[in-house]
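Q: I'm new to reading protein structures and would like a close look at one part of this one. Could you walk me through it slowly?

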Amino acid sequence: MVRLITHNLLACHAKGCTTNNFPLEFKDVQVVLRESEFNPEFLRGFMPKIEWPALLGAARELGDTSLPDQLPEMLDDDFLKALHHVLLEIHVEEGIMICPNCQHNYPILNGIPNMLLAEHEIA
Amino acid sequence: MSRPELVAPPEIYYGDIEAKKYTKNTRNQQIQADMTYRALELLNLPPDEPAFLLDIGCGSGLSGEILDEEGYIWTGVDIAPSMLEVALEREVEGDLFLQDIGQGFGFRPGSFDGAISISVLQWLLNAETSHPTSSPPHRLARFFTTLHSSLRNPSRAVFQFYPSSDDQIQLITSIAQKAGFGGGIVVDYPNSKKARKVFLCLYVGGGGGSQQQLPEGLDGEEVDDSKVRFERRRERETAKQGKRGNVKDKHWILKKKELYRKRGKESVPRDSKFTGRKRRPVF
Ligand SMILES: C[S@@+](CC[C@H](N)C(=O)[O-])C[C@H]1O[C@@H](n2cnc3c(N)ncnc32)[C@H](O)[C@@H]1O
Ligand SMILES: [Zn+2]
């Protein structure tokens, strides 16, 4: 159950990996779509936290091209619905997330990413 | 009975059998639910603003189910795979991560509007995990520092936990302070052996809300609202029956939506041919 809402917040936390460690790259992913309740207030509140290029990249990687290149100035319903779908309804069930900097692999099994680090990777 | 955190590392202690036993126990369900409600109260989130929360040591989702019920969107982390598996079975709504909080978080600055943690912190003080670890103070420092940066300013993190001595409380609060947190300890029903509960309330910035003072602990007569809570939970259990075990397939989604509609929730997405459909990623 990694959705893009959490993927967009997640950087690599391995020891010494502090730059260029976001966003994690998806590899070999399997995706499931699950509808969820549309909550425009939540989305408006969440907007300032979003790294737009990372979200756009991840959505397109997962096959969704509904988001515009640039964050629109007007947050109309159509846009918010597309955003809702991308952030909350696309679930990555299997695959790997790879740090673009240190190449650490975070495997996703059954929807749950394994964030455990090996001893030499702990800060 | 000896404290669980002295028995074995958490991911061993909460193996398949204990994870199921822990979660099924109705008394556990009630206690964890009550403490979660109290933690939410202490979190003092701005009313009517939907929030994105972190559930630290989410386990099998007993705390997370309350977050779902209260309409929060959340992410949970836990070190015990068996507990997370039960959480999946119980179909909680939050995103789940297998993570040792003593290794710290990688969440971007300001990710969460608040954090709760129910019955977890004592584990960081006591048992080693079977994963590579360092000393408890080092792990606590790494945990609080990375948590502090992943919370937005202002906000709060509220931990219910079971300290076994004042020294432990002292250690935890001093490390949290060094990580940049304000706040402190709130004790509910300090004079009741049974009802006494310890909460660590940490503030980022002013902690939100008008007063920067710590809230008062509850005292005096215990309110017996357990009945109400219990009934609420029974409703939840009934709603779940018959669909345990299956992944969130189309059937499940339709049932859940029906349930939401029945409960009078608005804007439940309409059913479509895409509902619950598996899609191949496109590259
Ligand atoms: C008593 S359970 C509480 C679970 C849940 N919060 C609830 O209210 O039911 C304690 C949980 O803390 C988790 N835990 C212990 N040490 C941990 C660590 N270092 N990192 C992440 N989770 C941990 C355990 O795996 C267990 O699921
Ligand atoms: Zn890295």
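Which spacing do the donors of the zinc ion (ligand 2) follow along the chain?

A: Happy to help! First, some ground rules. This is a predicted model, in which local features need pLDDT of at least 70, side-chain atom pairs count only at pLDDT 80 or more, and totals for chains, interfaces and linings use all residues. Residues are numbered from 1 along each chain as its sequence is written, chains are lettered from A and ligands numbered from 1 in the order in which they are written, and side-chain values use heavy atoms, with hydrogens and water left out.

Now to your question: the donors of the zinc ion (ligand 2) follow the pattern C-x4-C-x81-C-x2-C. Donors here are N, O and S atoms within 2.8 Å of the metal (3.2 Å for Na, K and Ca); water is not among the atoms, so sites may look incomplete. The residues that coordinate this zinc ion are A:Cys12, A:Cys17, A:Cys99 and A:Cys102, each through its SG atom, at 2.3 Å.

What about the geometry? The angles between the four donor atoms run from 100 to 117 degrees, so the arrangement is tetrahedral. Four donors earn that word if all angles lie between 85 and 135 degrees.

The site also ties together distant parts of the chain: A:Cys12 and A:Cys102 are 90 residues apart. A:Cys12 sits in the loop between α1 (4-7) and β2 (25-33) of chain A, while A:Cys102 sits in the loop between β3 (90-98) and β4 (105-109). Those labels come from DSSP runs, numbered from the N terminus: helices are H or I with at least four residues, and strands are E with at least two. A:Cys12 counts as buried because its relative accessibility is 4%, whereas A:Cys102, at 35%, counts as partly exposed. Buried means under 20% relative accessible area, exposed over 50%, and partly exposed in between (1.4 Å probe, protein chains only).

Stay with the loop between α1 and β2 of chain A for a moment. A:Asn20 lies there too, and its phi is near 55 degrees, a positive value in a residue other than glycine. A:Pro23 has its place in that loop as well, and the peptide bond from A:Phe22 to A:Pro23 is cis, with omega near -10 degrees.

Chain B offers some features to set beside these. A cis peptide bond joins B:Asn153 and B:Pro154, with omega about 0 degrees; B:Pro154 lies in the loop between α8 (136-150) and β5 (155-161) of chain B. B:Asp48 has a positive phi, near 65 degrees, and is not glycine. B:Asp48 is in the loop between α4 (26-43) and β1 (52-56) of chain B, and it is exposed, with a relative accessible area of 81%.

Finally, look at ligand 1, which is surrounded by 22 residues; the closest are B:Tyr22, B:Gln32, B:Gly57, B:Asp78 and B:Asp100. A residue belongs to such surroundings if one of its heavy atoms lies within 4 Å of the molecule. An oxygen atom of ligand 1 is 2.7 Å from an N or O atom in the side chain of B:Tyr22. Two backbone partners face nitrogen atoms of ligand 1: an N or O atom of B:Ile101 at 3.0 Å, and one of B:Ile118 at 3.1 Å.

Definitions and conventions
Four donors count as tetrahedral if all angles lie between 85 and 135 degrees; four count as square planar and six as octahedral if opposite donors are over 155 degrees apart and all others between 65 and 115; anything else is irregular. A polar contact is a pair of N or O atoms within 3.5 Å; within protein, one must be able to donate a hydrogen and the other to accept it, and residues adjacent in sequence count only if both atoms are side-chain atoms.
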